[in-house]
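Dear colleague,

I am passing on the structure we spoke about, and I would be glad if you could look through it alongside the notes below.

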Amino acid sequence: MIAERTAPATNDYRRTLGTATLQRMDGEGNERKFTLSFSSEEPYERWFGLEILDHAPGAVDLQRINEIGCLLFNHNRDAVIGKVNRAWLEGNRGMAEVEFDTDEQSEIIFQKVKSGTLKGVSVGYRIDSLEEVQAGKTSADGRFTGPCEIARKWWPFEISIVSVPADATVGVGREAGQQGKIPLSVWESQLQINKNLAGG
């Protein structure tokens, strides 16, 4: 059985790529610019099971990140270290050109990325629509096999350079000091999902 449902609008998620793909751009005027991959269709372990971000045409809304997207350090909204010049999809991956700012805080992170000390890339995003695929079943488009939940409509709102990528063995998006703890907002979201599925 395949169930389609809408995710709560208040859920902010984070996802760290297993292999960072930061590449410095060549040419005059590009000294502080990098291209990177910030998302893929690789299944990602969450507290509820595997999550897949669909990258098919129409699935990813890049408008917000292209209009006001920021480059952050460790998802800290007070640690803006640059801007997203443009974002696009390529080969079922989210790609972006980012440019580091020149203030003192940004310069420290820029130098660490430039030297290869910092390599982690993570994305903050929101899911608008999910498809739940039961174990052994196939998704509506035939591309994925369950058990999994596929984000059919989602949008990224920030890209972060991260020092310690999330550990998939303890749950995606949890900091080192939060191992084993599930935030109250997660339980509230699941309660709303259950109500939606039950028709309440």
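What follows is a short account of the fold, the nonpolar cores and the aromatic contacts.

This is a predicted model, in which local features need pLDDT of at least 70 and side-chain atom pairs count only at pLDDT 80 or more, while totals for chains, interfaces and linings use all residues. Residues are numbered from 1 along each chain as its sequence is written, and side-chain values use heavy atoms, with hydrogens and water left out.

The chain has three helices and eleven strands (DSSP runs numbered from the N terminus, H or I of at least four residues for helices and E of at least two for strands), and their order from the N terminus is β-β-β-β-β-β-α-β-β-β-α-β-β-α. Of its 200 residues, 46% count as buried, which is to say under 20% relative accessible area with a 1.4 Å probe and protein chains only, exposed being over 50% and partly exposed in between. Among contacts (heavy atoms within 4.5 Å) between residues at least 6 apart in sequence, 66% join residues at least 24 apart.

The largest nonpolar core (buried Ala, Val, Leu, Ile, Met, Phe, Trp, Tyr and Cys residues joined through side-chain atoms within 4.5 Å) holds 29 residues, of which F38, A96, F100, I159 and I161 touch the most other members. At least two residues of this core come from each of β4, β8, β9, α2, β10 and β11, and β10 supplies the largest share, with five. Leaving aside residues up to four places away in sequence, I159 touches L36, F38, I65, C70, L71, L72, V84, A96, V121 and S122. A second, separate core of five residues includes V133, F144, C148 and I150.

There are six aromatic pairs, counted where ring centres of Phe, Tyr and Trp (its six-membered ring) lie within 6.5 Å, with planes under 30 degrees apart called stacked, over 60 edge-to-face and the rest tilted. One of them is the edge-to-face pair of F34 and F100, 5.7 Å centre to centre with 80° between the planes; F34 lies in strand β4 and F100 in strand β9, so this pair ties together parts 66 residues apart in sequence. F100 also forms a tilted pair with F110, at 5.5 Å and 55°, which links strand β9 to helix α2. F110 is itself buried, at 4% relative accessible area, and the charged end of R32 sits over its ring, 4.1 Å from the centre (NZ of Lys or CZ of Arg within 6 Å of the ring centre and within 35 degrees of the ring normal).

With best regards
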